[in-house]
Amino acid sequence: MKDWIKPEYRRIYAAVAAIPPGRVASYGEIAARAGLPGRARLAGRALSETPKGFDLPWHRIVRADGRLACMRGQREQARRLRAEGVDVRNGRVRIIAHGLHHDLDREIWGSGC
DNA sequence: CGTCTGACTAGTA
DNA sequence: TTACTAGCCAGAC
């Protein structure tokens with residue numbers, strides 16, 4: 001079993017684990033938060049090789065345009081996201097509402113424009 | 001070494 | 001909206 005994980009991978013896993021339930025983040029966003037800007041593919045690779053023992057919310061990672069990653073568990077990903085209250089329609093989520101950049105709560109409860 | 005692949009992204013048409 | 005491009009970079013061969 002793999003014991004030594006690259007520091008970059010560990011930071012990526014940490015960034016993924018930091019995503020709150022009901023929110024989603026893109027691969028690029030994860031990479032940036034891990035101190036690896038512009039390396040979205042690395043985030044994807046890291047996630048595809050998540051070692052056992054890392055119980056990460058992988059379903060909260062989507063592509064930059066909101067579409068779910070074209071992978072084996074796309075359906076499972078949609079199911080888990082919906083279970084967290086994320087609106088998934090036709091294989092994509094609304095980044096505007098669930099992305100980390102946007103604070104939905106503030107929009108609802110704030111003073112508006 | 002070179003080449004291909006991929007859970008990616010931003011830009012252009 | 002989709003399709004294609006260049007840029008990206010770690011593994012596998």
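The following is a conversation about a predicted model of a protein chain with two DNA strands.

Colleague: How is the secondary structure of chain A made up, and in what order do the elements run from the N terminus?

Modeller: Chain A comes to six helices and four strands, and from the N terminus on the elements run α-β-α-α-β-α-β-β-α-α. Buried residues make up 37% of the 113 residues in chain A, and among the contacts between residues at least 6 apart in sequence, 60% join residues at least 24 apart.

Colleague: Why are H1 and H3 called roughly perpendicular to each other?

Modeller: The axes of helix H1 (residues 7-17) and H3 come within 10 Å and cross at roughly 85 degrees. Angles of 65 to 115 degrees count as roughly perpendicular, and H1 and H3 are therefore given that description.

Colleague: Which residues meet where H1 and H3 are in contact, and what is the make-up of that contact by class?

Modeller: From H1 come Glu 8, Tyr 9, Ile 12, Tyr 13 and Val 16, which meet Leu 42, Ala 43, Arg 45, Ala 46 and Leu 47 in H3. By class, this contact of H1 with H3 has eight nonpolar, no polar and two charged residues.

Colleague: What makes Ser 26 a buried residue?

Modeller: Ser 26 has a relative accessible area of 18%, and buried means under 20%, so Ser 26 is counted as buried. Ser 26 has its place in strand S1 (residues 25-26), and if residues up to four places away in sequence are not counted, Ser 26 touches Ile 61, Val 62, Arg 63 and Ala 64.

Colleague: How do you know that the side chain of Ser 26 makes a polar contact with the backbone nitrogen of Glu 29?

Modeller: The side chain of Ser 26 reaches that backbone nitrogen of Glu 29 at 3.1 Å, and the cut-off for a polar contact is a pair of N or O atoms within 3.5 Å.

Colleague: Why is Thr 50 called partly exposed?

Modeller: The relative accessibility of Thr 50 is 27%, and because buried means under 20% and exposed means over 50%, with partly exposed in between, Thr 50 counts as partly exposed.

Colleague: Where is Thr 50 placed, and what is Thr 50 in contact with beyond its neighbours within four places in sequence?

Modeller: Thr 50 is in the loop between H3 and strand S2 (61-62), and leaving aside those neighbours, Thr 50 is in contact with Tyr 13 and Leu 56. Thr 50 and Tyr 13 are 37 residues apart along the chain, while their C-alpha atoms are separated by 8.1 Å. The side chain of Thr 50 also reaches the backbone oxygen of Leu 47, at 2.7 Å.

Colleague: Turning to the DNA, which residues are around strand C, and which helix gives the most to that surface?

Modeller: Around DNA strand C are Lys 6, Tyr 9, Arg 39, Arg 41, Leu 42, Arg 45 and Arg 92. Of the atoms of DNA strand C that come within 4 Å of the protein, sugar and phosphate account for 60%. Helix H3 (residues 40-48) gives the most to this surface, with three residues, and by class the surface has two nonpolar, no polar and five charged residues.

Colleague: What distances lie behind the polar contacts of Lys 6, Tyr 9 and Arg 41 with DNA strand C?

Modeller: A polar side-chain atom of Lys 6 lies 3.0 Å from a phosphate oxygen of DNA strand C, and an N or O atom in the side chain of Tyr 9 is 3.3 Å from a phosphate oxygen of that strand. For Arg 41, a polar side-chain atom lies 3.0 Å from a base oxygen. Each of these is set against the cut-off of 3.5 Å for a polar contact.

Colleague: How many residues surround DNA strand B, and which helix gives the most to the surface near it?

Modeller: DNA strand B is surrounded by 13 residues, the closest being Tyr 27, Arg 41, Ser 48, Arg 63 and Ala 64. Sugar and phosphate account for 38% of the atoms of DNA strand B that come within 4 Å of the protein. Helix H2 (27-33) and H3 each supply at least two residues of the surface, and H3 gives the most, with five residues. By class, the surface near DNA strand B has seven nonpolar, four polar and two charged residues.

Colleague: Which atoms of DNA strand B lie opposite Tyr 27, Leu 47 and Ala 64?

Modeller: A polar side-chain atom of Tyr 27 lies 2.9 Å from a base nitrogen of DNA strand B, and a backbone N or O atom of Leu 47 lies 3.4 Å from a base nitrogen. In the case of Ala 64, a polar backbone atom is 2.9 Å from a phosphate oxygen of DNA strand B.

Conventions
Residues numbered from 1 in each chain as written. Chains lettered and ligands numbered in written order. Predicted model: local features only at pLDDT ≥ 70, side-chain atom pairs only at ≥ 80, totals over all residues. Heavy atoms only, no water. Near = heavy atom within 4 Å. Polar contact = N/O pair within 3.5 Å; in protein donor to acceptor, adjacent residues only side chain to side chain. Nonpolar A, V, L, I, M, F, W, Y, C, P; charged D, E, K, R; others polar. Buried < 20%, exposed > 50% of the residue type's maximum accessible area, 1.4 Å probe, protein only. Contact = heavy atoms within 4.5 Å. Axes fitted to C-alpha atoms, helices over the stretch in contact; angles between N-to-C directions. Parallel < 35°, antiparallel > 145°, perpendicular 65-115°, else oblique.
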